[in-house]
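Let's take a friendly walk through a protein structure together. Keep the sequence and the 3D view in front of you as you read.

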Amino acid sequence: MRKVPVSYLVPGMRLARPVLGTKGEVYLNAGVTLSRRYIERLGEIGFPAVYVEDNLLNGVEIRDVISEKTRRDAITQVRRILTAPSSPKARVLNADLALATMAESIVTELLKNPLSVVNLVDIRAEGAYLYHHSVNVCILAVLTGINFGLHKEQLLDLALGALLHDVGKIKVNPDILNKPGALTAEEFEHVKQHCAYGRDILKEHRVASMIAYAHHERYNGEGYPLGLKEREIGFQPQLVGIADVYDALTSDRCYRKAVLPHEALEMIAGAGNWWFDVKLVHNFLRCVAAYPTGTLVEVSSGEIGIVLDTPQSFTFFPNVRVLLNANGEKVLPYHLSTVENNLWVSRVLGEEEAEVVRKMLDHHGS
Ligand SMILES: [Fe+2]
């Protein structure tokens, strides 16, 4: 399975993961063979990429850290709150029980596999960005929280707050929120208000309210709304802040393309004790693969291969199935641990170069 931009899809490729629509519903299911019409529709709806099956990864299973049903249900619940026609506060309180149940399901599933490493970049249509983003931020923040040693009650509060961290955006002008360009200073001031709106909407929930208010604060005092520093911020809003920055960077938006996971993680790593407490950054890095399974990479030895998996705590050091030797010649595939062989990933192959390698290996498409 590999992630392919919609513009690179070819009829005949088979979907490896379901494509979820704006309401969290299954738009196209895994196993569907893509026709030209499907590919056009995916482009029209605004999906930047999809996951397709990949022969180079035969025998390798890529699992999401939570079940597909839980992810879908969570998206539906978050969407329900962010679009219900009643007043914002009533929306949250009415949906409280359903959302708390959702938060519990996510925490319970993640606690079952505390060594999970996130290997998937969530793909979403532009119109559904906020709902998918909220669920992904929740997953990333809770996984980091587990690694940081939080107990279940703390994780439940964290999960609920993470799911609703941007709830204040329902009171922000949608034209400004979705503006496909740089915001004016005045518009940015308006968007910043979502923190205070969120705090007020969630005031019955102490931790969730604090997360909504402080998730844009930064360790060095450069954040907003208050410019809090270091321990003044609290670890829950910071955990959500890291997850929020990472997920936003790795998502395609109407105004910029996604950054690759390893680039986003390098930025997060560089933000230790600058934007975020380094201990939280350290734990975040343990939970996310810099080179997700299916990425074609060149290793420092010159060998080229496909990433199979990543050991926890060695985010930047994947296990690779080598396909081409250092001279660029096809070899019988073999397993290479970059950690054990003192190697590192020197680069990720671009989409076009990856296609050349695939053709060479006679494994084009799926
Ligand atoms: Fe926010």
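**A walk through the cavities, domains and loops**

The residues lining the second largest cavity fall into nine nonpolar, four polar and three charged ones. Before going further, keep in mind that you are looking at a predicted model. Now back to that cavity, which encloses about 90 Å³ of space. Its lining is made up of 16 residues, and the closest to the centre are Val-118, Leu-120, Val-121, Asn-136 and Tyr-246. Two helices to look for here are α5 and α11 (235-249), since each of them supplies at least two residues of this lining.

How do we find empty space inside a protein at all? Rolling a probe the size of a water molecule over the atoms shows where empty space is left. When the whole of this structure is searched, four cavities of 30 Å³ or more turn up. The largest cavity has a volume of about 280 Å³. To find this largest cavity in your viewer, select Arg-17, Pro-18, Tyr-51, Asp-122 and Ile-123, which are the closest to its centre among the 21 residues of its lining.

Which elements give two or more residues to the lining of the largest cavity? They are the strands β2 (19-20) and β4 (49-52), together with the helices α2 (68-83) and α5 (129-148). Of these, α5 gives the most, with four residues. You have already met α5 in the lining of the second largest cavity, so try colouring this helix and looking at both places. By class, the largest cavity is lined by 13 nonpolar, three polar and five charged residues.

Now step back and look at the whole chain. It is divided into three parts: domain 1 (2-57), domain 2 (68-287) and domain 3 (296-360). With these bounds in mind, return for a moment to the largest cavity: domain 1 and domain 2 each provide at least three residues of its lining.

Next, follow the chain to the place where domain 2 and domain 3 meet. The C-alpha centres of these two domains lie 33 Å apart. Where they touch, 11 residues of domain 2 are in contact with six residues of domain 3. The size of an interface is often given as the accessible area lost when the parts come together. For domain 2 and domain 3 that area is about 750 Å², with 59% of it on carbon and sulfur atoms. On the domain 2 side, Val-117, Leu-285 and Arg-286 lose the most area to domain 3, and together they account for 46% of what that side buries. How many salt bridges are there between domain 2 and domain 3? The count is zero.

Salt bridges do occur in the structure, though: it holds 18 of them. One of them joins the side chains of Asp-54 and Arg-2, with an N to O distance of 3.5 Å. Asp-54 sits in the loop between β4 and α2, while Arg-2 belongs to strand β1, so this pair ties together parts that are 52 residues apart in sequence.

Strand β1 also leads us to an open space, the second largest pocket. This pocket holds about 680 Å³ of space. Among its 32 lining residues, Lys-3, Pro-5, Leu-260, Val-348 and Glu-351 lie nearest the centre. Two or more lining residues come from each of β1 (2-5), β4, α12 (261-270) and α14 (351-360), and β1 gives the most, with four residues. The lining of this pocket divides into 18 nonpolar, seven polar and seven charged residues.

Our last stop is about the backbone. Most residues other than glycine have a negative phi, and most peptide bonds are trans. Look now at the loop between α10 (206-214) and α11, where Pro-225 lies. The peptide bond from Tyr-224 to Pro-225 is cis, with omega near 10°. Glu-230 lies in the loop between α10 and α11 too, and Glu-230 has a positive phi of about 40° although it is not a glycine.

Notes:
Residues numbered from 1 in each chain as written. Predicted model: local features only at pLDDT ≥ 70, side-chain atom pairs only at ≥ 80, totals over all residues. Heavy atoms only, no water. 1 Å grid on protein atoms, 1.4 Å probe; cavity = no way out; pocket = protein on both sides within 12 Å on 5 of 7 lines; lining within 4 Å. Points joined across faces, edges and corners; volume = space filled by probe spheres on them. Nonpolar A, V, L, I, M, F, W, Y, C, P; charged D, E, K, R; others polar. Domains from an automatic or database assignment. Contact = heavy atoms within 4.5 Å. Buried area = accessible area lost by both parts, 1.4 Å probe. Salt bridge = Lys/Arg side-chain N within 4 Å of Asp/Glu carboxyl O.
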